[in-house]
Amino acid sequence: DGDSTARLWDALTFECRAELRDTDVVFSITYSADSALVVTEGATGTIWLRRAADSLLLHILSSPNLGYSNAVAFAPDGTRLLAAGVTTASCACFVVAWNLPALPSEQQEGKTG
């Protein structure tokens, strides 16, 4: 029985820091190298990109050719997101890469000028 919620736990206190609700069964969760971003991915191949500090949903990534992804990883420099999995139509393997836009940091938001 699957759940469409990913939970982020504090490793020191073992308290739940956030619940990330998605629209399908969550297969995995991955942090960027700097821990600023987090992605969840699920059964439909949809990938949710969030800011880790406050769980703000930044982008929903998908491709019509995707089935479900088995793995998601950030490039070491954080500029790309890669997904690998199996297509639903032909059971062929796939790898997709997205260029990630420069995202404002939490501290920069709200500043003007």
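Which side chain meets Arg51 in a salt bridge? I looked it up in this predicted model. The partner is Asp54, at 2.5 Å from N to O.

**Entry 1: salt bridges**

I checked how the two ends of that pair are placed. Arg51 has a relative accessibility of 8%, so I noted it as buried, the limit being under 20%. Asp54 is partly exposed, with a relative accessible area of 37%.

I then asked how many salt bridges the structure holds. The count is two. In the other one, the side chains of Glu19 and Arg7 meet at 3.4 Å, N to O. This pair links distant parts of the chain. Glu19 belongs to strand β2 (residues 16-21) and Arg7 to strand β1 (residues 5-9), and 12 residues separate them. For Glu19 I noted a relative accessible area of 38%, partly exposed. Arg7 is partly exposed too, at 36%.

**Entry 2: the open sheet**

Next I traced the strand order. Four strands make an open sheet, ordered β3-β4-β5-β6, with antiparallel pairing. Why is one side of β3 and of β6 left without a neighbour in the sheet? Both stand at the edges, β3 at 26-31 and β6 at 57-61, and each has a single partner strand, so one side of each stays unpaired there. I also looked up the twist. On average, neighbouring strands of the sheet are turned by 20° against each other, direction ignored.

I went through the pairings one at a time. β3 and β4 run antiparallel and are joined by five bridges. In that pairing, Tyr31 has Val38 in β4 as its bridge partner. Five residues lie between the strands of the β3 and β4 hairpin. Among them I checked the backbone of Ser35, which takes a positive phi near 65°.

β4 (residues 37-42) and β5 (residues 47-51) are likewise antiparallel, with five bridges between them. Here Val39 is bridged to Leu49 in β5.

**Entry 3: Thr46 and His59**

Is Thr46 buried or exposed? I found it buried, with a relative accessible area of 15%. Thr46 sits in the loop between β4 and β5. Setting aside neighbours within four places in sequence, I listed its contacts as Thr40, Glu41, Ile60, Leu61 and Ser62.

I moved on to His59, which lies in strand β6. His59 counts as partly exposed, at 30% relative accessibility. I took its spacing to Trp48: 11 residues apart in sequence, 6.2 Å apart in space, C-alpha to C-alpha.

**Entry 4: nonpolar cores**

Which residues have the most contacts inside the largest nonpolar core? They are Val39, Ile47, Leu49, Val72, Phe74, Leu81 and Trp98, in a core of 13 residues. I sorted the core by strand. At least two residues come from each of β4, β5, β7 (68-74), β8 (80-86) and β9 (93-99). β9 gives the most, with three residues.

I returned to Val39, the bridge partner of Leu49. Leaving out neighbours within four places in sequence, Val39 is in contact with Ser28, Ile29 and Thr30, with Ile47, Trp48 and Leu49, and with Val72, Phe74 and Leu81.

There is also a second, separate core, of seven residues. It includes Ala6, Val26, Val38 and Ala52. I had already met Val38 as the bridge partner of Tyr31.

Terms used: Residues numbered from 1 in each chain as written. Predicted model: local features only at pLDDT ≥ 70, side-chain atom pairs only at ≥ 80, totals over all residues. Heavy atoms only, no water. Pairing = 2+ DSSP bridges. Axes fitted to C-alpha atoms, helices over the stretch in contact; angles between N-to-C directions. Salt bridge = Lys/Arg side-chain N within 4 Å of Asp/Glu carboxyl O. Buried < 20%, exposed > 50% of the residue type's maximum accessible area, 1.4 Å probe, protein only. Contact = heavy atoms within 4.5 Å. Core = buried A, V, L, I, M, F, W, Y, C linked by side-chain atoms within 4.5 Å.
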